[in-house]
Amino acid sequence: MAKEIRSAIVLTGVPSIEELKNSPGFPSEERLKKGPVAVIECIQEIPCDPCEPACPSGAIKVGKPITNLPVLCEDKCVGCGKCIAFCPGLAIFLVDTTFSKTKALIKFPYEYLPLPRVNSWADAVDREGNIVTKARVVKVETSDKYDRTAVVSIAIPKRFAHKVRGIVSG
Amino acid sequence: MRVLNHPILGKLEKRRMVKIIVDAKALQAIEGEPIIAALLANGIRVCRRTKKRNEPRFLFCGIGQCTDCVMTVDGIPNVRTCVTPVRDGMQIETQIGSGKWSVQGVEY
Amino acid sequence: MYKALNTEVAVIGAGPAGLSAAIEAARAGAEVVLIDENAKPGGQLFKQIHKFFGSKVHGAGVRGIDIGKQLLQETKENRVKVRLDCAVWGLFEDKVLGLVNQDKLESIQAKKIILATGVSENAVSFPGWTLPGIMGAGAAQTMINIHRVLPGKKILMLGSGNVGLIVSYQLLQAGAQVLAVVEAAPEIGGYGVHASKIRRAGVPVITSHTIKEATGKDQVEAATIAAVDREWNLVPGTEKTLEVDTICVAAGLTPLAGLAWMAGCECVYLPELGGYVPIHNGKMESSVRGVYVAGDLAGVEEASTAMEEGRLAGLSVAEEMGYVEECEAEKRREEITERLKALRMGPFGEQRDKAKQKLVQEWQKKLDQR
């Protein structure tokens with residue numbers, strides 16, 4: 001048990017927004033306003049670093065020791081979302097608050113069947129699994145490199161951009 | 001219930017089906033799967049009943065260590081169903097207590 | 001009559017530790033027999049369908065099943081003799097093994113033995129604990145990922161260590177419903193990210209709670225959970241009943257140290273490592289010369305560390321037999337130790353590291369006593 005980290009994630013399994021905003025993997029409000037950006041919700045020191053080589057723009061740094069929390073270099077991040085499928089903890093997302101005038105785009109890893117269908121509607125959930133809004137499935141990406149982790153993109157009302165991190169499966 | 005399709009493991013490949021007889025009832029099983037898997041797939045969840053209080057027992061460890069899942073198979077008692085593959089025509093019985101040997105019709 | 005065979009290195013248990021040990025020793029030139037009582041090798045590795053953590057050198061981002069396939073390929077390439085369906089029932093003086101292969105008896109005389117026999121799941125007793133449908137979390141994992149059958153449809157998971165969290169996720173992937181994960185401690189035991197995955201899927205993780213009783217006629221039909229206080233006493237009035245048909249118990253693992261005991265290996269009781277664990281000299285050699293230990297048998301940890309410990313054991317054996325020169329062995333040992341150290345860092349890893357060090361300290365104590 002991680003005694004040193006007495007925080008929301010250890011008590012409930014859900015990181016608090018404060019914990020996330022204080023972590024080096026979380027982009028600033030400023031950067032979030034500029035366009036699509038990775039959001040790394042990894043706040044425990046676990047030996048793990050495949051996110052670093054996954055980024056083609058070099059925008060994620062873990063270094064040594066590999067227990068370092070991943071640092072998001074938000075100016076280097078182009079919001080391609082290629083890192084999402086490579087995190088073994090399924091803890092990386094993409095948020096694009098500029099998707100449209102009213103909608104934000106959320107990209108997240110998805111490992112269930114059936115895969116959602118593009119243009120279908122889905123129930124979008126927050127980190128606690130509560131349904132918070134309806135989402136339009138915009139894209140479903142699979143590839144050999146992603147090794148059976150699909151990356152799903154959904155469009156949701158902008159105001160839920162900090163909350164929504166998935167959809168109800170099945 | 002069989003997991004026919006799986007997001008990581010893919011589609012369950014087609015394999016030969018065999019017939020097993022469980023408590024005199026004929027059931028379908030996938031050739032080579034452990035008896036316990038065939039039981040689960042057929043909705044059966046009791047392997048044996050205890051000697052003293054006739055209580056039901058089933059799967060616990062699933063890897064041949066605990067013996068909770070033993071049944072009498074082809075006349076031989078105490079067969080671990082989680083590590084014993086099915087065979088076409090296999091006779092499987094819910095075991096009572098430590099069971100009885102009745103191989104080739106001879107009771108011991 | 002029974003068959004009597006000779007070999008140089010006998011590795012018992014073909015899980016990640018045993019496979020890695022066999023490959024390491026065989027690669028150096030030793031004749032290696034890898035023995036496993038199961039019909040298929042891999043131990044628990046082929047049930048780990050999730051992507052591993054660590055770094056590239058540890059196989060990070062690769063699913064356990066694929067790491068397993070790589071290891072099997074390497075046993076073939078290094079001409080390791082793999083004997084399946086062979087249960088080692090005895091380990092005698094002078095490193096003689098008693099085996100039963102289906103219905104045939106065998107004995108094997110080995111020069112060196114590596115024990116990598118792994119662990120078994122703990123049961124938790126509460127009223128109704130023997131009802132059909134109550135099983136180890138590992139058993140549920142075996143059913144869904146190896147045998148492709150659901151162990152049940154409405155599941156309660158007891159225990160929030162990595163096993164409980166990961167198996168809950170895998171049960172969801174297989175199409176089952178997980179009603180809750182219940183954890184007696186006030187904090188979640190496993191990695192936050194594993195808990196977050198299942199929370200997003202709507203699975204509540206209820207800490208400071210345990211199972212008070214399970215009820216049902218011929219199988220479990222309901223489970224009553226209740227809060228526990230800091231002294232682990234049930235708090236009256238906090239009972240909640242859930243309709244379930246399955247309860248998975250993820251309450252720890254205990255090393256299968258029977259053969260180690262039989263061989264005369266000194267074991268020490270360390271609850272943080274799972275129970276009685278054979279001590280070793282840091283190079284994985286037990287208190288009995290020529291008998292080595294690796295993997296969860298040498299203290300419950302994870303697959304990645306099991307592989308590295310297996311390599312250490314295989315290397316030590318190969319060096320002892322003269323297949324690897326001392327300085328070459330030191331270099332290789334350093335590489336493996338570096339990787340092992342990296343996996344034992346951070347708040348989770350440090351506790352495991354401390355625990356594993358105790359085995360070496362105990363060994364040193366024994367040596368000092370002689």
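This is a short conversation about reading the interfaces, cores and a few single residues of a predicted model.

Visitor: Let's start with the contact between chain C and chain A. How much area is buried there?

Guide: The size of an interface is often given as the accessible area lost when the parts come together. Here, chain C and chain A bury about 3400 Å² between them, and carbon and sulfur atoms give 53% of that. In residues, 39 from chain C are in contact with 42 from chain A. On the chain C side, Glu187(C), Arg199(C) and Arg200(C) lose the most area to chain A, together 22% of what that side buries.

Visitor: How many salt bridges are there between chain C and chain A?

Guide: The count is 3 salt bridges. One to look up is Glu111(A) with Arg63(C), where the closest N and O atoms are 2.9 Å apart. For polar contacts, the count between these two chains is 18 residue pairs.

Visitor: And which element gives the most to the side of chain C that touches chain A?

Guide: That would be α5(C), with 7 residues. Other elements giving two or more residues include α2 (64-77), α4 (162-173) and α9 (346-369) of chain C. Sorted by class, that side of chain C has 19 nonpolar, 12 polar and 8 charged residues.

Visitor: Now chain A and chain B. How many residues does the contact take from each?

Guide: Chain A puts in 4 residues, and chain B puts in 4 as well. The buried area is about 390 Å², with 68% of it from carbon and sulfur atoms. On the chain A side, Glu111(A), Leu113(A) and Arg148(A) supply 96% of the area buried against chain B. You met Glu111(A) a moment ago, in the salt bridge with Arg63(C). Between chain A and chain B, though, the count is 0 salt bridges and 1 residue pair in polar contact.

Visitor: What about the inside? Which residues have the most contacts within the largest nonpolar core?

Guide: In soluble globular proteins, nonpolar side chains tend to be buried together. In this model the largest nonpolar core has 101 residues, and those with the most contacts inside it are Ile154(A), Ile20(B), Ile36(B) and Leu171(C). Helix α1 (residues 35-41) of chain B provides the largest share of this core, 6 residues. For a close-up, pick Leu171(C): among the residues it touches are Ile144(C), Ile155(C), Met157(C), Val178(C) and Cys248(C). Another core, of 57 residues, lies apart from the largest one, with Phe52(C), Leu71(C), Leu99(C) and Leu115(C) among its members.

Visitor: Let me try a single residue. Is Thr7(C) buried or exposed?

Guide: Thr7(C) counts as buried because its relative accessibility is 5%, and the cut-off for buried is under 20%. This residue lies in strand β1 (residues 3-12) of chain C. Its contacts further along the sequence include Glu31(C), Val33(C) and Ile108(C).

Visitor: And where is Gln219(C) found?

Guide: Gln219(C) is in the loop between β12 (209-215) and β13 (222-227) of chain C. With a relative accessible area of 29%, Gln219(C) is partly exposed. Leaving aside neighbours within four places in sequence, Gln219(C) is in contact with Arg45(B), Leu131(C) and Pro132(C).

Visitor: How far apart are Gln219(C) and Leu131(C), in sequence and in space?

Guide: They are 88 residues apart in sequence and 5.3 Å apart in space, C-alpha to C-alpha. As for Arg45(B), its side chain makes a polar contact with the side chain of Gln219(C), at 2.6 Å.

Notes:
Residues numbered from 1 in each chain as written. Chains lettered and ligands numbered in written order. Predicted model: local features only at pLDDT ≥ 70, side-chain atom pairs only at ≥ 80, totals over all residues. Heavy atoms only, no water. Helix = DSSP H or I, 4+ residues; strand = E, 2+ residues; numbered from the N terminus. Buried < 20%, exposed > 50% of the residue type's maximum accessible area, 1.4 Å probe, protein only. Contact = heavy atoms within 4.5 Å. Buried area = accessible area lost by both parts, 1.4 Å probe. Salt bridge = Lys/Arg side-chain N within 4 Å of Asp/Glu carboxyl O. Polar contact = N/O pair within 3.5 Å; in protein donor to acceptor, adjacent residues only side chain to side chain. Nonpolar A, V, L, I, M, F, W, Y, C, P; charged D, E, K, R; others polar. Core = buried A, V, L, I, M, F, W, Y, C linked by side-chain atoms within 4.5 Å.
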